[in-house]
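Visitor: Please walk me through this structure, and explain the reason behind each term as you use it.

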Amino acid sequence: MHDLAPLCALGGTDPAIETLAGVTLTEFPDLALASVSARRGSEAACRAHLKGLLNSAVPKPGRAVFKNPEAAFWIGPDQWMVSAPHASHADLTDQLNSRFLNTASITEQTDGWVCFDLRGEGVEEMIRLCANIDIDQMQTGDAVRTVVHHMGVYILRLDPANALRIFGPRSSAKSLHLALKTAMGAAL
Amino acid sequence: MSQKNRLDDGLIDRSETFSFRFDSQYYKGHKGDTLASALLANGVRLMGRSFKYHRPRGVMTAGSEEPNALVELRDGARKEPNTRATTAELFDGLRAESQNRWPSLAFDAMEVNDLLSSFFAAGFYYKTFMWPAAFWEKIYEPIIRRAAGLGSLSTRDHPDEYDKGFLHCDLLIIGGGPAGLAAALTAGESGARVILADEDFLIGGRLNLESHALGGMSGPAWAAEMGARLGAMPNVRVMPRTTVMGAFDHGVYGAVERVSDHLKVPEDGKPRQILWRITSKRAILCAGATERPIVFENNDRPGIMQASAIRAYANRWAVTPARQVAIFTNNDDGHRTASDLVAKGVDDVSVIDTRTDAPSSSDYNVIAGGVIDQTWGRLGLTQIEVKMPRGGIRRIKCGALGVSGGWNPNVHLTCHQRGRPVWNDAIAGFVPGEALPMGMTVAGAANGVFSTHGALKTGADAAKGVLSDLGLTAKTLPLPETEDAPARVTPFWHVKTAKRAWVDQQNDVTAKDIKLAHQENFRSVEHLKRYTTLGMATDQGKTSNIAGLAIMAEVAGTSIPEVGTTMFRPPYTPTAMGVFAGRARGTETRPTRLTPSHRWAEEQGAVFTEAGLWLRAQWFPKPGETHWRESCDREVLQTRKSVGICDVTSLGKIDVQGSDAAAFLNLVYCNGFAKLPVGKVRYGLMLREDGIVMDDGTAARLAEDHFIVTTTTGNALGVYRHMEFVRQCLCPDMDVQLISTTEAWAQFAVAGPKSRALLHKIVDDEFDLSNAAFPFMACAETTICGGLRARLFRISFSGELAYEIAVPTRYGDALIRRLMDAGKEFDVVPYGLEALNVMRIEKGHATANELNGTTTALNLGMGRMVSKKKDSIGSILSERPGLTEADALKLVGLKPVDPENPVPAGAHLMTKDAKATASNDQGYVTSACYSPNLGHHIALGFLKAGDARLGEVIGLVSPLTGINHDVEVVSPHFLDPKGERLRA
C-alpha cells in the first residue's frame, strides 16, 4: 500500500460540512468516477455491458441510475459517468476496462470533480439562486448539466428527493463551495 | 404642525410612526408611506431643482414614472442618487437629500440659468463651447462635467450584496392590478404554475389608489383578499416589490426583486436585490397605464401633479397636497380626483375641463371649455389663471393642480423585441401592436381597456386563452361587480399660446425646443429625441413622450402615429449596476482555479499570478530576498545545477482513445503521429484551418488506442473545443473519444541533472529509470511510493534532463511534499512561472508570446514539421501566397551588444542605423528575460529572413519608451544547442 495521504478538494484532510437552517452542505470525497464512452460500432455491446453493471436499463439523457455500489448518469450521446465508493473501487477504471474491453473508452475522472451533497428543506429555494434549472420539475434520478456562477456542473436529484448531489470542477472547489454557502445564507 | 396635510383612513399604519430627515429637516410619517407621501403630508411640496434651469420642482406622480422628486437616499457608502421619492418606502431613520442645487433647495444659485434660458435651448451645446479651442480642456469641459447629472455617487465601495436567481413557470403575470389579479386567480385555480409580479410593495395596482368598489368590498380590501388567496396556493408565487424590467428572447424575462431596499440595512447574508431570470411558457402583460399631462404655461411648479396622483395620495396615503385644489383635464377621469377629494373632506376643488361638453357636478365647480393660461408661485403653486370659454381670465387660488391629459397604456414590454405600438383613436393613445414577444398577451389598461370591469374581464379571458394553449382546463371564476365607465377623452395636448411650457420635466425640454428641432430639420422621431433629449432622462419619457410627438406632429403637419415612437429597450425602470453583477464582484468576478500544490505553495510564501483562471506560483521568495529577480535567478541557477520542481497541473490534458485515435491526431497535428510508438511522447504543432499556428503541446502514446494530449494552459479550452468540433463534425466516422483530464491529474515537472536521482527515490523499484530503459521522450504508466498509480513523461521545457510526473489530484499535495523531502539531499528548489519562463527562453522554446495568432510554423522555424505526406488541418493553407515569402519572419535569438542593455519584449527591430519608421520595420521582440546563466539580458523575436542573418547587428527601438540600441541576431537556442543535457 502506498503511503501518500490524500486531501479533499477543499484542501482539508476531512470533508467540509456546513449547516444552516436545516440544510446541510457536505463535501463528499469518497467517490471514484470514470467516464464510459462507447466506441464506434460497439454502441450496442457497450450498452449491454453497462446494463449488466447497473442491473437496470442504461440511463437515458438527463437521467441517472442509482445502484449499489455502482451508479451512473448520462453525460453525452453514448457517454456516461460511472461512480462507485472510492474505498472499494479506487481502481474503478481498471475494473471497467476489464468489463467493457474494446466496446468503450474508459477514463479515470475521480479527481477531476468535487462532489457536494445538499440535504434538507429549502434546497430548492437555494438552487434557484444558483442554477438555471427548473428545480420544481426535477425528479429523483434526474441528472442535468448546468452552470453555477460560471462553473459547469452536474446536478443530480437523489433519493429521498430533498437531497441533491452536485459535481463541479475540482480546481474551482473553493469558488463553488463559496457560491453554495452564500446561496444558503441568502435563501434560508 | 406635523403632518398637517393628513386626511383620514388610507392604507398607512398609524400605529407605527417613523422619523425621517429630508435635507436638514426632521419629519414624521407612518409605515406604508412613501418618502413622497410623507413629505406631502408634512406640507413639503418643493422636492428638487430641474436639470438645466434649476427651476423649483415638486413631486408630479405617485409611481415609478416620477420625473422630478429625485433624491439621494441614505448616506455613507449606501448613498444612492436619483432615487424616486414616490417609490422609496419610508422606514425609521430614513435620510434623503435633494439634488442638483447649491447651496440649498430653497435658494439655488444656479437658478440664474432660468433667467438666461434663451441661451440654453435644445442643442445649445452644438453651437457653443467651440471658441477659443484652447478653452475646451481646462475651462469648458470641467464646467460641463460639474454641471452634468443630477445626483452624486458615494464613491465608496458598496457594502450590499446582490443575487442572481432563476425561476420557471407556465405563466408570468406582469402587474398585480385588477387585470393581473383576475388572470392569476383564473390560472392559479386551474393548476397552472403562476408567477405574479408587481413593482409595488402592495399587490393591487390602481385598486389601492381608487375609490371604486368591487362586489361591495373596497378596492384595497378585495386586492388584499385575492393576494392572500394567491399566496396560499402552492402553484403560485406572488412577488411584490418586483419589477419585470425586460422581455428577452425565448420567453425569458428579467425581473428585479427589491428584497431589502425598504429596510435600513439588509439582514445578515441576505441580498439587497435579486435579478431573476424568469423562463415562462406564457406571459400576460397587465402593466396598466400612465396618466399624461397637458402642456401649458409654467406647468412645472411644485404642486402641479397628475390628477390621478392627487387622488392616489388622498385615497391610499391619506394625504392632500393642499387644501385648495384645481384640476385641469380633457377627459372624464380627471373629475374622479375632484369627487374623491370632496369625499375625503377637501372641498375647495375646481375642475377646468377643456371640453365644452364637460360633465357638471354638484360637489365641485366645473369650468367647461376653460384652459389654463398662467400659474403663479415660484417655490410652490399659489394660484392659476384660467382663460374662460367666453373670454376673460379667472384667477383661482390653489396649492395643488391635478392635470389629466388622458392615459397612455404601458406598452413598453411589448416592444422590447423591436415591436412598435399602434395608435388608437378611441383613447387617443398607443396600444400594443400585432407583433408581440413570443408567448405574450396583454390585458387591462396596458391594452387600452381602462375600466375596472374591463380589466378584470380581459385579465381572466387572457388567462383562459393561456390555459387552453397549455392544455389545462380553465376554471371560470365569478368576477365581482364593479364600474365599467367608458373612456371619454378629447385630445388636447398643449396650450398653443404658452411661451414657457414643459414637456419633459426631468431633462427640462420645452414645447419651444420641439419646435426648434423641427425648424433645424431634426424631424424624425429618433432625431427629435436626441436633439432635444426628450425622453432621455431616467424616467425614459414616461410622462413626456406623447406630448412631444403631438407637438412635433402639429408643426410638421402630420399625425402622431406618422411621427411614430422611438425604440423601446430594457430596463423598464432604472436598474442598479450591482444587481447585474450579482455575486460576481471583486475576487468572485470569475471562479478561481487552484493547483493541487496551492496550499503547500502558500506555506512557502509563494507569490502567485493569474494564468487564465488559475493561480500559479510566480516565484518562491526566501527570507532575505527583497526583489523578485533574486528569487527567480536563484531558482533558475539551482534547477540547472541540481533539480527544481514546478507544478504544471494547469496545462491542458486531453484523454484521446479509440481505434482511430492515432489517425485522428494525425489529422489535427501538422506533424506525423500515426507511427508514434507505444511508450513514446512527441511534440505536436496544431494549425488553424488558415495555416496559422493554433497551439503546441505533446501527445503521449500509452497504448495503441490511448493517447494523452497536452496543451498550453491558456489554450486548453480552445484546443479541446477544436478537437471536439473535428471529432463530431469533420470526421464523425472515426472511432475516437475525447474527454478532458486536466483537473483529474496533479502534474509536476522535475527538472535538472539530479532529477533522475530524485525520482529514483519516488518511483517504485520495479520501474527502470535508466537512460536506456526510459530515454528522452518516453512515457509510461507506473506506480510510486509503494503502489500509487502514476504517469511518467520524460519531456523537458527547461532543456534540462527532466520528467513530468502525474498522480490523481487528491495526492498532489502529498506528492509535492514527498518530492521536496526526497530532494533535500539534492538541494531541490521549487520554481515558479518566472524561472520557468527564463529557462525556456534560454532554450528558445516558443509559448503564447510566439504563438500569437499571426505566426506560422515557418515563422517558428518549424516549417519542415508540416508534413506533406499526409493531410492535416491547416496544411494546405499554410502554403498560400503571403505566408511563404522569401523574407518571411523567422524566430531568432537576440542579445544586446552592450551587455548592460535590456532587450525588452514589444520592441521593434530595424536594420542598423535605419530610421525607426514602420516601412523600415524588420520584426519585433516577443519574449525577454535576464539570463543568470549568461549574465545578460536575452530575448526571442521574429526577424525578416532571420535564419539567414545570424551574427548581424541590428537596431532595437522602442520609440514610446525611448529605447534605441544595438542587438546581435543569434540562434534562439542560447544554451546547450545540441540538447546534450536533455538526453543525459
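Visitor: Where is B:Phe119 placed?

Guide: B:Phe119 sits in the loop between α2 (112-115) and α3 (124-127) of chain B, where helices are DSSP runs of H or I with at least four residues, and strands are runs of E with at least two, numbered from the N terminus. This is a predicted model, in which local features need pLDDT of at least 70, side-chain atom pairs count only at pLDDT 80 or more, and totals for chains, interfaces and linings use all residues. Residues are numbered from 1 along each chain as its sequence is written, chains are lettered from A and ligands numbered from 1 in the order in which they are written, and side-chain values use heavy atoms, with hydrogens and water left out.

Visitor: Why is B:Phe119 called exposed?

Guide: Its relative accessible area is 60%, and exposed means over 50%, buried under 20%, and partly exposed in between (1.4 Å probe, protein chains only); therefore B:Phe119 counts as exposed.

Visitor: What makes a space in the protein a cavity?

Guide: On a 1 Å grid over the protein atoms alone, a cavity is a set of points where a 1.4 Å probe fits but cannot get out, and lining residues have an atom within 4 Å of a point. By this rule there are 7 cavities of 30 Å³ or more, and the largest has a volume of about 120 Å³, a volume being the space filled by probe spheres set on the points, which are joined across faces, edges and corners. Of the 17 residues lining the largest cavity, those closest to its centre include B:Ser597 and B:Tyr831.

Technical notes:
On a 1 Å grid over the protein atoms alone, a cavity is a set of points where a 1.4 Å probe fits but cannot get out, and a pocket is an open set with protein on both sides within 12 Å along at least five of seven lines; lining residues have an atom within 4 Å of a point.
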